[in-house]
Amino acid sequence: MNLEEFNIIIFITGIIIGCVATLALKSYNAKNNSKKVNTSSNIITMKSLQQELDNKQVIIDNFFTDSNEHLASAEKRLADLRNALADNASQLSNVKIERSGVAANTPDTEESSSFEPPRDYALKKDKEPGMLSETFGFNDKNMDIEPKRTI
């Protein structure tokens with residue numbers, strides 16, 4: 001065997017061993033990286049918990065808003081049904097049925113028209129002004145600002 005042939009065989013063998021080692025190292029690193037990705041995806045962060053909580057809160061808010069709207073529309077339909085029943089009963093029979101007086105979307109006129117000024121519940125003597133009086137806390141202008149000092 002020639003020295004040149006021996007060098008060529010060693011060179012080709014080195015290339016083959018290098019390729020095999022590179023592929024083995026590459027697959028080993030790929031396995032380790034996939035394990036790290038799986039473990040990091042299982043970690044629950046505070047930010048993800050807060051986002052999930054916010055999403056659930058929005059869903060709950062929407063549920064109660066929709067429920068309130070459906071309930072208001074059902075109450076309105078019930079009031080319309082009672083009014084129709086009262087109209088038909090008065091036309092067809094001698095039975096008196098009260099009409100529905102409160103609509104779902106109209107505010108009560110009794111509550112808005114019955115405004116009272118605030119009451120003064122402070123303890124006071126007979127003719128003493130209360131705390132809500134316009135003159136409460138004002139002293140006479142004749143009094144000095146500083147107290148009189150005696151030496």
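1. Let me start with the rings, a nice small place to begin. The count of aromatic pairs in this structure comes to 1. Its partners are Phe63 and Phe64, which meet edge-to-face, with 5.2 Å from centre to centre and 70° between the planes. Phe64 is exposed, at a relative accessible area of 53%. Please keep in mind throughout that this is a predicted model.

2. Now the overall layout. The protein has 3 helices and 0 strands, and along the sequence this reads as α-α-α. Of its 151 residues, 3% count as buried. About 15,000 Å² is exposed by the protein, and carbon and sulfur atoms supply 59% of that area.

3. Helix 2 deserves a look of its own. At 1.5 Å a residue, its 47 residues should span 69 Å, and the C-alpha atoms at its ends are 68 Å apart, so expectation and model agree. The buried residues of this helix are Ala79, Asn83, Ala86 and Ala89.

4. Asn83 caught my eye among them. Its place is in helix 2, which covers residues 46-92. With a relative accessible area of 17%, Asn83 falls under the 20% limit and therefore counts as buried. Which residues does Asn83 contact, leaving aside its neighbours within four places in sequence? They are Arg99 and Ser100.

5. Arg99 turns up again in the next point, this time with a charged partner. The structure holds 1 salt bridge. It joins Asp87 to Arg99, and the closest N and O atoms are 2.3 Å apart. Asp87 belongs to helix 2, whereas Arg99 sits in the loop between helix 2 and helix 3 (109-113), so the pair ties together parts that are 12 residues apart in sequence. Are the two partners buried or exposed? Asp87 counts as partly exposed, at 31% relative accessibility, and Arg99 is partly exposed too, with a relative accessible area of 48%.

6. Putting points 4 and 5 side by side gives a small picture of this region. Arg99 is in contact with Asn83 and forms the salt bridge with Asp87. Asn83 is buried, while Asp87 is partly exposed. When you open the model, I would be glad if you viewed these residues together.

7. Finally, a word on helix 1 and the surface. A nonpolar surface patch of about 590 Å² is made by Ile8, Phe11, Ile12, Ile15, Ile16 and Val20. One of these, Ile12, is found in helix 1, which runs over residues 3-42. How accessible is Ile12? Its relative accessible area is 45%, so Ile12 counts as partly exposed. Patch residues need over 30% relative accessible area, and Ile12 therefore meets that cut-off.

Key:
Residues are numbered from 1 along each chain as its sequence is written. This is a predicted model: local features need pLDDT of at least 70, side-chain atom pairs count only at pLDDT 80 or more; totals for chains, interfaces and linings use all residues. Side-chain values use heavy atoms; hydrogens and water are left out. Helices (H or I, at least four residues) and strands (E, at least two) are DSSP runs, numbered from the N terminus. Buried means under 20% relative accessible area, exposed over 50%, partly exposed in between (1.4 Å probe, protein chains only). Accessible areas come from the Shrake-Rupley method with a 1.4 Å probe; for residues, only the protein chains shown count as cover. Contact means heavy atoms within 4.5 Å. Rings of Phe, Tyr and Trp (its six-membered ring) pair if their centres lie within 6.5 Å; planes under 30 degrees apart count as stacked, over 60 as edge-to-face and the rest as tilted. The expected span of a helix is 1.5 Å times one less than its number of residues. A salt bridge is a side-chain nitrogen of Lys or Arg within 4 Å of a carboxyl oxygen of Asp or Glu. Patches are made of residues with over 30% relative accessible area and no salt bridge: like charges are joined within 9 Å, nonpolar side chains (Val, Leu, Ile, Met, Phe, Trp, Tyr) within 5 Å.
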